[in-house]
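Dear colleague,

I am handing over the structure we spoke about, and you will find it just below. Please look through it before reading on.

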Amino acid sequence: MTLGVKIFRGGENLPPAIGWLEKETAVDKTYVLYSDNTIVGWTQILRHDTGQYELGYLEILPEHRGKKYGRALTHFALYENTAREIYALTIIPEFFEKLGFVRTAYPPFVDHNDPECQACEPARCAALLFTKPADLVRYGTEEKLLRKYEQDIVLGRNFMGSEFSAANEKTWTYAENIYFLEIADFLFLAAYPLAEEPFGVVCPYRSLPDAALDKYFARLRELNIHQLAYVNAQVCYLLHKYSGAPKLKFQEDRANFDYLYKVSDFAAYGGARFADKRNRLKKFLRNNSPAEIIPYRPELKEMFLNFAEKRFAAMQVGVISLEVLKLGLEQNLYQGFLVKIGRAEIGLLLYSELNPRTAIVHFELIDENYDGVAQFMNNYLGQALSGRYTFINREQDLGIAGLRKSKLSYNPYRLVKKYAVTF
Ligand SMILES: CC(C)(COP(=O)(O)OP(=O)(O)OC[C@H]1O[C@@H](n2cnc3c(N)ncnc32)[C@H](O)[C@@H]1OP(=O)(O)O)[C@@H](O)C(=O)NCCC(=O)NCCS
């Protein structure tokens, strides 16, 4: 199950299934929540003539209620929005209070004689207000902030667990809804991903004074966040030394261990360990010669995007993956290639630099009708990266059994451990 949100601006056409939703000028944006490409809910941010913003028309389809989708979608819309203060008018104030809204007086745009109001239950209508905490800074508008901390981050830019590459800085901000928190001259993160509990992230500094951590944990608690995610061993070591009040509980997070491979292993597929990969590659080359490699260039963006779109649809992967890939291509964050046999496009791989020794693979999409294409692509990647990098990080398996089997079958050099810390 993959969740994704599609954002539609003011007058833009909405998907037919929800074409009846308000398209008046008051609609600033419509947020449509998808689960595996099926619409499961929606909400809108309205901008009233009085200048105030309201989150309205929130609905999760009855068969999907009670799965935290309403909360995820509301969070997403609140934190994606640039408006700082957002009202909600509702007969279920408890739902909104859990998300950090507070009760307030009716704003000036409310008219309880309005037919829409009358159709509801005006007598039970409560007004609530959400004020985005001023110290949550959305990346993108605040590049300066990131630059200020760049020098502090141990191992160059490597500060979101082990895989916070230059490309991930941007794309994770989109997919995981990440915000920066500047506390006592340290940079921390707070994340509001879809479908998961919100979490905090600690950057791996050389030291983390208790006073800064005290403030960070207090701030997270105010934001209703009770866990840290993607914590690498180095940060765990620093957190173990923390002697403040919150009791920290450390747990290995196997689903988020990164798989690290040697470039030379991929380039050669040598020895008994790689016999299976070698055979699959040979068979692929026998059946599919000549396979053509098309390196990525910005002029080919549409071609790469179209292929990704088709593959994601075939795999029933949510829109968010495609949005992330699109964003990455638009911002020129990736290198990579497409594989063609004659006119057929059968594979795509996109990577970027994680650190001077390591490339990180963000997307690997294949047409499974062509046996051995994945083995071919990884072998080609190894050869293309030889002399430039020592390691290839192919990210985590997310706890998906098939993905774990496949990632292990390439004989990782080692797994980069990650931990979840609760408090
Ligand atoms: C209200 C609605 C959007 C909630 O969506 P949902 O996906 O079922 O809710 P979630 O699973 O995200 O619930 C999040 C939290 O809110 C609580 N909650 C959900 N519906 C609630 C309700 N009607 N009243 C009070 N609390 C509610 C849940 O118990 C949960 O609490 P927890 O985190 O402590 O467990 C959905 O029920 C709906 O579409 N209802 C009909 C339309 C509607 O009433 N819209 C609101 C108009 S103002």
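What follows describes a sheet, a buried strand, a loop residue and several salt bridges. Please keep in mind throughout that this is a predicted model.

I begin with the sheet. Its 7 strands form an open arrangement in the order 15-16-17-18-19-14-20, and the pairing within it is mixed. Strand 15, residues 291-295, and strand 20, residues 414-416, stand at the edges, and because each has a single partner strand, one side of each is left without a neighbour in the sheet. From one strand to the next, the twist averages 30°. Within this sheet, strand 16 (residues 335-341) and strand 17 (residues 344-355) run antiparallel and are joined by 7 bridges; in one of the pairings, I341 has A344 of strand 17 as its bridge partner.

I341 also turns up in the surroundings of a loop residue, N288, which lies between helix 9 (275-287) and strand 15. Leaving aside residues up to four places away in sequence, N288 touches I341 and Y370. Its relative accessibility is 10%, and since the cut-off for buried is under 20%, N288 counts as buried.

A second region to look at is strand 7, residues 126-131, where 5 of the 6 residues are buried, so that this strand is largely enclosed by the rest of the structure. Strand 7 pairs with strand 5 (residues 85-90) in the antiparallel sense over 6 bridges, and A88 has L128 in strand 7 as its bridge partner. Strand 6 (residues 102-103) also runs antiparallel to strand 7, to which 2 bridges join it, and here the bridge partner of V102 is L129. As general background for viewing these strands, side chains in a regular strand alternate between the two faces of the sheet.

I turn now to the salt bridges, of which the count comes to 14. In one of them, R65 is paired with E59, and the closest N and O atoms are 3.3 Å apart. Both of these residues are partly exposed, R65 at 48% relative accessibility and E59 with a relative accessible area of 32%.

Another salt bridge is formed where the side chains of R71 and E197 meet, at 3.4 Å from N to O. R71 lies in helix 1 (residues 69-80), while E197 lies in the loop between strand 10 (186-191) and strand 11 (199-202), so this pair ties together parts that are 126 residues apart in sequence. R71 is partly exposed, with a relative accessible area of 23%, and E197 is likewise partly exposed, with a value of 43%.

The side chains of D371 and R280 also meet in a salt bridge, at 2.9 Å from N to O. Which parts does this pair tie together? D371 lies in the loop between strand 18 (358-366) and helix 12 (373-385), and R280 lies in helix 9, so the parts it joins are 91 residues apart in sequence. D371 is partly exposed, with a relative accessible area of 34%, and R280 counts as partly exposed at 29% relative accessibility. Finally, R254, D397 and R404 are joined into one network by salt bridges that share partners.

With kind regards

Note on methods:
Residues are numbered from 1 along each chain as its sequence is written. This is a predicted model: local features need pLDDT of at least 70, side-chain atom pairs count only at pLDDT 80 or more; totals for chains, interfaces and linings use all residues. Side-chain values use heavy atoms; hydrogens and water are left out. Two strands pair if DSSP finds at least two bridges between them. Helices (H or I, at least four residues) and strands (E, at least two) are DSSP runs, numbered from the N terminus. Axes are lines fitted to C-alpha atoms, for helices over the stretch in contact, and angles run from 0 to 180 degrees between N-to-C directions. Buried means under 20% relative accessible area, exposed over 50%, partly exposed in between (1.4 Å probe, protein chains only). Contact means heavy atoms within 4.5 Å. A salt bridge is a side-chain nitrogen of Lys or Arg within 4 Å of a carboxyl oxygen of Asp or Glu.
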